[in-house]
Structures are given as structure tokens and as C-alpha cells.
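Q: Please take a close look at one part of this model, its salt bridges. A connected account is wanted, one that also sets them in their surroundings.

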Amino acid sequence: MTKEYHTITDIAGPLIFVEKTEPIGFGELVNIMLPDGSMKRGQVLDTSSDIVVVQVFEGTAGIDKESGVCFLGETIKLSVSLGMLGRILDGSGEPIDGGPKIVPDERMDINGSAINPWARDSESQFIQTGISTIDGLLTLVRGQKLPLFSGSGLPHNEIALQIARQAKVKGEGEEFAVVFAAMGITNEEAQYFMKDFERTGALKRAVVFLNLADDPAVERLITPRLALTAAEYLAYTHDMHILVILTDMTNYAESLREISAAREEVPGRRGYPGYMYTDLATIYERAGKIKNKKGSITQIPILSIPGDDWTHPVADLTGYITEGQIAISRELHRKGIYPPINPLPSLSRLMGRGIGEKNTRGDHRAVEQGLYAAYAEGRDLRGLVAIVGKDALSERDNRFLMFADVFEDRYIRQGRDEDRSIEQTLELGWELLATLPESALTRIDRRILEKYHPAYRKKHSK
Amino acid sequence: MMKTAKGEIYRVAGPVVTVTGIRPRMYDVVFVGHLNLMGEVIQIRNDKSVIQVYEDTSGVKPGEPVTASGSPLMVELGPGLLTSIYDGIQRPLPVLNKKMGDFISRGLSEPGLDRSKKWKFESAVKKGSKVVGGSILGAVQETKNTEHRILVPPTTSGTIEDIADGKFCVEEPIGHLTDGTVLSLMHRWPMRVPRPVIDKLMPDIPLITGQRICDTLFPVAKGGTACIPGGFGTGKTVMQHQLAKWSDAEIVVYIGCGERGNEMTEVLTEFPKLKDPRTGAPLMERTVLIANTSNMPVAAREASVYTGITIAEYYRDMGYGVSLMADSTSRWAEAMREISSRLEEMPGEEGYPAYLSAKLAAFYERSGRAHLLNGKEGSITIIGAVSPAGADFSEPITQNTLRMVKVFWALDSKLAQRRHFPAINWLTSYSLYMNTLEPWFDREVSTDWKMLRMKTMELLQKEAELSEIVQLVGSDSLPEHDQLTLEIARYIREIFLQQHAYHEVDSYCSIQKQYSLLRTIHEYGAACYDALEKGVLLTDIFKMKSSGLLAKAKFELDFDHELEKVVAEMKKEFKSLGVEAM
Ligand SMILES: Nc1ncnc2c1ncn2[C@@H]1O[C@H](COP(=O)(O)OP(=O)(O)OP(=O)(O)O)[C@@H](O)[C@H]1O
Ligand SMILES: [Mg+2]
């Protein structure tokens, strides 16, 4: 039996301070027994021979100085097994779907350990999401962490779900299993995800962790770690390819700020703690592919960025850690375009690992560069038209202006259940490039142009 | 020699552990807890010492034992450093991989140098030779093109009693001094103490990086300092990799400080395949990597920079030109901030410790071209990436760094988004070495180098002014002469300044190639102005195809030959417009 202490001296925000304990380990899990008989959980943040500081996950409401405190002698662990697939758990890992308890195969520390950089695999595979803008211009690969940079009211959830539904690796029958972690999202949003998982049968190959808006904020700090622990177990013990969706990282960061304020730490930018970069890295860097392991972990964190301001610490620090970002654009959304992904401020840094002859097709890079440059130019011209009028533009400029419209309408826009193959995406790209004068495609290598440009292909077939 | 003392843990708060019962010196190494986690003393208050611990402290309890080593944190220096990849405290990552598996677990100390490997040593001194700190005892061939000179430790001197040639492991004695001091292939040096030199010299040779905008417009000197600040995704890491690959340093130390694991993997797979353009040897053979990624312990991240610079100094002391890249110094500063806030120190600007600027200064001060204890000359060039919060250069790390360094390569988010790479802003960047390096360019490249460079800067400046007008009224209302200026400035930007890091040929551009490319653009420009003056229509000038050929020539393997063809084509085209030019 672990000893129960009744020596709380102070309670402040989510923290309690306990004195006269035996030596307590840093990071140990804590049970707090409330006078009403209920129990809360917490974790040791600071421990000394004089005082132990505990952060309480469910918040300190109802705790008084007489409450009992038990230290469990171990850090937070998650019980993992294959039986987790198809299950819905709360933000601290307890089943909430009415099913039985998870029978553990193993108990794993939720903080994980850093992947030795030496052990990482530099090769990867193209993940076809069926969304042209992503597959064609922002190619996702196994083991990548690629967030959706979004804002309130934008359809990031739908996009994440579409990716989860359609993601596959060419030539491999095996689907991804999804680990889904909700942090502080509304019940309605959660329902939206759950319904879709059920409708498509994806739930069978999913593990869901739900910390909703009215669940304790502090719990949010462990939810993504539980999810990643489950993902690591499935990927590295059972050789599965896992897609982890983390939503919403902004809520996570707010909880971090709350704890930091309660501890009276010196705040960094905009009140977020100075260690937020490191803290976020311990989540995002758990994505990866390891040389001698079959499974992999790919991450799609979702951020609703306050005020669409990318210099906000959550977006800024995420961008500094992840391997690119997918920008969900309010402007395209207002135009009624789904999925409203603007490729210009987006980037996939690992694209090079997933494209080309071996993975997709030899012309992939060329099409990508051609489309990107043409769309950028078309959008610039929109700005100019506003000043000088359409008539002042040259014939060439007008073609680019039109290109931008058609590109948004046909390439970016697609159905919510439309699953385009990479070949379709590349062909569509060429079709649009062919609307431009060939002299405007100087960046594209001659050999590639002659092999793939529709004008030449017609000639060949004649 | 090592006196060890035992104490116990009083408090654990993340990476900061307070202990009692030992009386260590500042920066001594202490092992804490049953797991023997390595740490370093960073504060002493009354009877308590505060330790920053290089590994995760989860589960560690007050009352657990502590052992003081009596010695500061040392870097092992000797053959075998090249081609290695270490974590922040010089543990070889491949060995950790072998012993702990794919994830980094705790409590394993592992020496930086392989103890069992034998090196063939040839001595350069003999019995009776007088040696001082830094004297060269002899050498081993460390990699195919690098001779590793075995040095007398900086604080040792005396007369050689005996010295032997042959095969030795790093710890085996290769000889003795008359006072009995044992000499071996390796020695240790405390990482926080700069290795001594006689004096620092004026840097007057450029580090040729093979990156056009750097070498031509904003050159850094061998032994100089440069910084690369930029928001996320602007190209700091690609730039640092480019410099590590192509700059004409003899030794490269690359520190991945608090950045991504995948980027280090990329270096590990690419470098062994790429060849040094000067020696033909795999680039890896002149490189030492230090990888303490963002999710590895922060205290070790703080140390990683010192591990790197100490190794750089060691190779400098052999007489080499060393380049050190640190990506990113901001993450290093943040590590200091994290530790400092745990110590409840009085915070300075944005929560950074008040000593931030002193630490940055001390780091950059370890660069320089130096006159060495052994009479030779060596240099360390430091190039630090800076990751400003919110891409705002007014934040403390960027500002404090700018006070130290002499070259500012400012990365611009707008350029990066337009995919103008390298996204170095040519209007705000600068190099304070320009004057001292000019004689070199004058001598080694061409006497009209300075003029070409100035013309380029003027042209780009003029373009910026004209662009403002164009934003308001459109380009058609500009005088034809100015429209032409915009066009030529575009060639400078697109043909010269843009350089594709992932293109096999364009990735590296020799200084001669840079010169001929730039000169050709300017000659072409001059011919265009000439044609305009002689009455040729601007639209006809814009229609010429040969400028497009020039844009392609830079991607060709046989550039000189291609350039000749392009220039001939240009002449022909001007002739058809009725102008004798170029
Ligand atoms: N010289 C270049 N040539 C071609 N592409 C480049 C070049 N420089 C940067 N890029 C592109 O920009 C992307 C981002 O570059 P990089 O990773 O170096 O940014 P960073 O400044 O280090 O970002 P972070 O601060 O997030 O680490 C690269 O993945 C690449 O696509
Ligand atoms: Mg980087």
C-alpha cells in the first residue's frame, strides 16, 4: 500500500504543495483523495526533501488541505495492447465507449524517448492523400510531421478526415491505422470525427483519445503523449504505419501557458513559457521512420491560429519544428473552394524523399515548380489589375491571370470524397500548364517538357 | 588524480538538481542518482550545489546518492573525431544506438574516442627535443586526406625522454617527457575554456563558399564570423548544409543544436556520397557532426556548442582552417533560458538570462585566425543560424548576435515564399570584411572584381527604388532606360543571385565561374543600353533569346564552353539588331 499524506500546505491554480513526505521521484504519478470520496490524478513537477509540487490534471476544484495525497512510485504509463484499436478513450487514457478495460500487453512511459538521430531512416515513401494540392505540390511522406495551419471556422477537420480516409502508399495494400488525439475541441467537433470514423469503418483501425473543451485543461498536456505512446507501440511493436492526428495544438499550448502562470514562471513571448519550443518538440519529434523498423509514425497536427497570425508563438514554434506546413486559406474558403489549401505559403520539406521516378513520376518536380510559379505570378497580377485595370495587361499576363482562376477552380477545388490518384493529379497539372504559352515554361527542362506536355504528346500519337 | 566525493540529492526540478554534502568547483562534473546521470555544477549556494543534468531526471528522488568527479566537463581530442557523430556531450550516437537501441535511454557514459582502434603514428620529434604546449609530436593519417597532428596538451611542456613510431590506441603511451609525463595520441580539454593561442591575426583571406551571393556580395573571412537569421522555412539549414559542403575549409564542425532529427539524418546520408571539390575525398572525411536534436535533453543542448567549438579549436591548433556551423544558436540561447529560469535567476529581456550577451560574445570570440603556440597559423570561422521568434529581427538573440558578428546574411520570408533561394536579402545584408578582403579578390580573381561588385549593388539598389514607383503607376509609365534597368536587375537576381541547392551543378559555383557569370551579365546589360541609345526598340531588346540561354548555362557541367556559345549567340543577336556589341 502506498502511504497517504494529509500534509497539503498550499493550493494555487492547478498546483498543490505537499510537505513532510518521504523521498518522492520527479515526474511521479499522484492520486489525490478528495473529501467527497472522488479521486483526481496529478504529477510531480518539483520535489525536494522539504516540499513536493504536484500538478493536478483535473484541476484543483474541490481539493482542500485535508485531502489525501498518494504518490504511486512511478511516472505516468499507458497500458497498451492491440485491443486498443477500435476503442475510444478519454484524455487520460480511460475507456469511455462503454467497453471493457484495456488488457495491457505492456505498460509504456508516456514521455517516450528521443529517437537516436543515427537510427532514423533517410528514405521514405510517398503517401497518396488523394488531394491534388497536397500530393502534387506538398507531398507528404511516411514519418513526416506536417501540420495544418488553419484558423477558426475553416474546414481543417474535414481536410484531416479526408486525408485519414484516403491516405495510402502506392503498391501496398495496407492501410494506415489512425491515432486520433483531441485536445479541448468541442463535443460537436468530436462527434463530427467520430461519426466519420464510424461511417467509413475507420474506427476499427483507429485509437481515439478525447479531451473535450469541458474536460480539465491540464489533462490536455498528457493527451498527445498518450496518443503518441499508443502510436509508437503499434508502429514499433506491431509494424503498423500510423497516422497521428493531433487537434487542436492551440488548446494544448494554452494549457501549457496556464500551468506556467500558476507556477509563477517567467513568461516568454505573449505569456507562453520559454520552454514551449522544447515541449512541443518532444511531441512533434516523435514522428519518424527508423532504419530497422517496419512501422512508421506520420503526424498531422492541427492548429487553429488565433487571428490567422503566423507569428503567434503556437504557429511560429510549430513551424520551427515541423517539416513544413499546409496553409488553410480563409480567402479561398470565402470563395467557396474546398479544400482551401493555398500552396504558396505552404511547404513540404520532405517532398524530395517521396517524389520522382522511383516514387511517383519523373516529371513530378517539374510540374510542381511550373504550377507553383504560374499560380504565384497569376496571384501577383491580380494585385496589379486592381491598380492598373485589366486592359493595361499584356496578352501573356492575361493568360496567367486566367491560369490562377482555373487552377483554383480545377486543381485546388475537389470533392470531399474525391480521391484523385497521383497520375490524375499530375495529368491535371499538365493540362493546366498547357493553357500557358510554352515560352512561359522556361523553368521546365526541355526533355521533360517534350515527354509530358500535352502539345507534344498529341504530336507523338499522330 | 580524480578525487571523488559523495553527497545526496536535495531537490529535483526537471533538468536542475540541487545536491548537498559535496563541495565541488563551478562546472565540475557530478553524477546524480542511482542511475548515475551526468551533470555539471552551475551554481553554488551555501552548502548546496545546483547541477544541470544532461539526461532526463524522471523518477529521480531526493536522498539518492551523488558523486562529484572533481573535474570539469572535458572533450576528448585525438584521432577518430572526423566522420563521427556525437550528441551534445560527445557520446558517439552509433555506439549509443548499438548499446541502447533506436531510442536514447539513460545512464550510459560513453567515451568520445574509440579505445580499441589502432592508429599508425609517425613521430616528428626525438629524444631531447624541447616541446611546449601545442608542439607537434608527430602525426597519424586520420582520413585519406587529413593528417591528424598529435599535439602536446596546451598546458604541458618539457623535454622528450622517449617517443616511438608504430601502431597505438588513443590511450596508449607513445612516449614520455623527462619529468615522467606520459604522452599519448589523445588528450582532454575542458570545453568551457578556450584553448590558448599566441595572438589573433587580421583575417584577410575569404572563405570561399561556392555560394554566389555570399562570396561576391557579402563575403566572410577565414577566421571570421557570420550569422544567418531567418524565420522558419527561409533556408537557414539548407544554407548551413551548403556551407558545410562546399566552403573551402579543411575541417568542418557541424552542430545541430536543438533542431530536427531528420535533418541530421540527411547530412549523414548525403555527406559520405558528396565529394570535396578540391580534394575529391568524401565530404564526410573532413567533417565532425554534433547532433543534439530539439527533443534531446536541453542541458546537453547547452553543452553541444562548447563540445563543437573545442573540437574546432583542436584542429585549428594543428594549423588547419576550420569552419564551424551552429544550427541554431537561438535554441542554444533558449536552453540557457530554460536552465536560468529553473534557477530562478533574475531574467533579462524576454526572459533570457542577463548573461546572454556575454555568453554569445564568448562563443564568437573563440573564432579567429590565430598565431598558434607551435608557431603555425590556423583559423576558425563561425557561422551561426539564428531563429528569431516570429521572424522578428529585433528580438534579443538576433540583436546580441549582430553586435558580435561581422557578416549578416539576412534571410527574408518574402523571398523564400517567392522561392528566391538562397533567400538572402541583398539590401539589408552586409559584410564588414569587404575592405580587408578586397586585395585578395583583386589579386586572385580579377582587378575589375570590385567594380563589378559595386555595379551590382548599385543596380539592385536602383531596382528597389524603381520598384516602388512601379507599385504605384505600373511599369509602362517608366522611361525606357529605367525599364531596361529593371530587366537587367532581374537577370542579376534570377541568374546570379538565385542558386539551386539541390541542383547537381548549380549547388556549388567556383569563384571563377561566379566572376565570368557576373561579368557576362553586366556586359550584356551594357550592350542593351548601347542598343537602346542607338535606337533599337525596347521590345526588340526584351525579345532577345540569348539572355535565356545564359540562365541555362549556369546549370551546365562544362560551363566555360557553354558560356562561350552563349556570348557568341549574344553577339549574333545584337548584330541582327544592328549593334556591334560585347
Ligand atoms: N538554396 C536553396 N535551394 C533550393 N531550395 C531551398 C534553398 N534554401 C531553402 N530551400 C527550400 O526551403 C525549405 C526550407 O529551408 P530550411 O529547412 O533550410 O529552412 P530553415 O530556415 O532552416 O527553417 P527552420 O527554422 O524551420 O529550421 C527547404 O526545404 C527547401 O525546400
Ligand atoms: Mg532549419
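A: **Salt bridges and their setting**

Glu259(B) counts as buried, at 6% relative accessibility; buried means under 20% relative accessible area, exposed over 50%, and partly exposed in between, with a 1.4 Å probe and protein chains only. Arg260(B) counts as buried as well, at 4% relative accessibility. The side chains of Glu259(B) and Arg260(B) meet in a salt bridge, 3.8 Å from N to O; the term stands for a side-chain nitrogen of Lys or Arg within 4 Å of a carboxyl oxygen of Asp or Glu. Salt bridges with shared partners also link Glu331(A), Lys335(A), Arg379(A), Arg382(A), Asp405(A) and Glu408(A) into one network.

This is a predicted model, in which local features need pLDDT of at least 70 and side-chain atom pairs count only at pLDDT 80 or more, while totals for chains, interfaces and linings use all residues. Residues are numbered from 1 along each chain as its sequence is written, chains are lettered from A and ligands numbered from 1 in the order in which they are written, and side-chain values use heavy atoms, with hydrogens and water left out.

Side chains of opposite charge can pair when their charged atoms come close. Over all chains, the count comes to 77 salt bridges. One of them is formed by Glu232(A) and Arg286(A), at 2.9 Å from N to O. Glu232(A) belongs to helix 4 (residues 223-237) of chain A, whereas Arg286(A) sits in the loop between helix 6 (276-284) and strand 18 (288-289) of chain A, so the pair ties together parts that are 54 residues apart in sequence. Helices (H or I, at least four residues) and strands (E, at least two) are DSSP runs, numbered from the N terminus. Both Glu232(A) and Arg286(A) are buried.

Between chain B and chain A the count is five salt bridges. In one of these, the closest N and O atoms of Glu266(B) and Arg353(A) are 3.1 Å apart. Glu266(B) lies in helix 4 of chain B and Arg353(A) in helix 9 (residues 351-354) of chain A, so the pair joins two chains. Its two ends are placed as follows: Glu266(B) is partly exposed, with a relative accessible area of 25%, whereas Arg353(A) counts as buried at 14%.

The wider contact between the chains takes 66 residues from chain B and 63 residues from chain A, contact meaning heavy atoms within 4.5 Å. About 5,400 Å² is buried between chain B and chain A, and carbon and sulfur atoms give 52% of that area; buried area is the accessible area (1.4 Å probe) that two parts lose on being put together, summed over both. There are 29 residue pairs in polar contact between chain B and chain A, both residues being at pLDDT 80 or more. A polar contact is a pair of N or O atoms within 3.5 Å; within protein, one must be able to donate a hydrogen and the other to accept it, and residues adjacent in sequence count only if both atoms are side-chain atoms.

On the side of chain B that touches chain A, the elements giving two or more residues are strand 1 (5-13), helix 1 (93-100), helix 4 (261-270), helix 5 (298-317), helix 6 (329-342) and helix 11 (449-473) of chain B. Helix 4 of chain B gives the largest share, eight residues. By type, the residues of this side divide into 24 nonpolar, 23 polar and 19 charged. Here Ala, Val, Leu, Ile, Met, Phe, Trp, Tyr, Cys and Pro count as nonpolar, Asp, Glu, Lys and Arg as charged, and the others, Gly among them, as polar.

Strand pairing also crosses between the chains. Strand 5 (residues 39-48) of chain A and strand 1 of chain B run antiparallel and are joined by two bridges; two strands pair if DSSP finds at least two bridges between them. Ser48(A) has Arg11(B), in strand 1 of chain B, as its bridge partner.

Pairing within single chains completes the setting. In chain A, an open sheet of three strands has the order 12-11-14, with antiparallel pairing. Strand 12 (140-141) and strand 14 (168-169) of chain A are its edge strands, each pairing on one side only. Strand 11 (residues 126-128) of chain A pairs with strand 12 of chain A over two bridges, and Phe126(A) stands opposite Val141(A) in strand 12. In chain B, four strands form an open antiparallel sheet in the order 10-13-15-16.
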